[in-house]
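Biologist: I am new to reading models of this kind, so please choose a single part and look at it closely. I would also like to hear how it fits into the rest, with each term explained once.

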Amino acid sequence: MHEINKTAFGEFLAERRKLFLEILSLIFGVYFWLFMKERIPAYYDENRVSIYNDEMFRINALEVTFNNSNWPHIVRIPYGGSFLVNTKVMGTSCRYS
């Protein structure tokens with residue numbers, strides 16, 4: 001009987017963890033798709049800046065300078081990643097519910 005309770009509690013935690021990941025991926029996905037800037041200020045083109053900070057998103061990359069010529073390539077990664085994660089998480093949750 002004691003093992004059954006551990007299993008039930010483990011399943012409960014797994015469901016909570018899955019719900020937490022769904023909510024987190026939706027929050028970041030919405031941010032990346034709706035609020036992420038496609039162009040950064042001209043200051044980044046004029047100076048060598050390796051830190052980008054915007055509301056809830058921060059990139060600190062050593063040896064990489066951000067400018068408008070490489071920004072579309074950098075932004076493409078979170079776009080694609082958030083799409084894949086949301087598709088995977090939502091597909092998994094729909095399959096098991």
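Modeller: Among the contacts in the chain with a separation of 6 or more, 51% are between residues 24 or more positions apart, a contact being heavy atoms within 4.5 Å. This is a predicted model, in which local features need pLDDT of at least 70 and side-chain atom pairs count only at pLDDT 80 or more, while totals for chains, interfaces and linings use all residues. Residues are numbered from 1 along each chain as its sequence is written, and side-chain values use heavy atoms, with hydrogens and water left out.

The part I have chosen is Asp 54, which is found in strand β1; the chain has 3 helices and 2 strands, arranged along the sequence as α-α-β-β-α. Helices (H or I, at least four residues) and strands (E, at least two) are DSSP runs, numbered from the N terminus. With a relative accessibility of 7%, Asp 54 counts as buried, where buried means under 20% relative accessible area, exposed over 50% and partly exposed in between (1.4 Å probe, protein chains only). Of the 97 residues in the chain, 27% are buried.

Leaving aside residues up to four places away in sequence, Asp 54 touches Tyr 31, Phe 35 and Lys 37. With Lys 37 there is a polar contact between the two side chains, at 3.1 Å; such a contact is a pair of N or O atoms within 3.5 Å, where within protein one must be able to donate a hydrogen and the other to accept it, and residues adjacent in sequence count only if both atoms are side-chain atoms. The side chains of Lys 37 and Asp 54 also meet in a salt bridge (3.1 Å, N to O). Because Lys 37 lies in the loop between α1 and α2 and Asp 54 in strand β1, the pair ties together parts that are 17 residues apart in sequence. A salt bridge is a side-chain nitrogen of Lys or Arg within 4 Å of a carboxyl oxygen of Asp or Glu. While Asp 54 is buried, Lys 37 counts as partly exposed, at 38% relative accessibility.

A search of the whole structure finds 2 salt bridges, and another pair to look at is Glu 15 with Lys 18, whose side chains meet at 3.7 Å, N to O. These two are 3 residues apart in helix α1 (residues 2-35), so about one helical turn separates Glu 15 from Lys 18.

After Asp 54, the loop between β1 (51-54) and β2 (57-60) holds Met 56, which is partly exposed at 42% relative accessible area. Met 56 helps to make a nonpolar surface patch of about 700 Å², together with residues including Leu 19, Phe 20 and Ile 23. Patches are made of residues with over 30% relative accessible area and no salt bridge, with like charges joined within 9 Å and nonpolar side chains (Val, Leu, Ile, Met, Phe, Trp, Tyr) within 5 Å.

As for trust, the chain averages a pLDDT of 78, and 80% of the residues score at least 70; pLDDT is the predictor's confidence in each residue, from 0 to 100. Confidence is highest in helix α2 (residues 43-46), at 94, and lowest in α3, at a mean of 69. Over residues 93-97 pLDDT stays under 50. Where pLDDT is low, the predicted coordinates should not be read in detail.

Methods
Areas by Shrake-Rupley, 256 points an atom, 1.4 Å probe, with all protein chains shown as cover.
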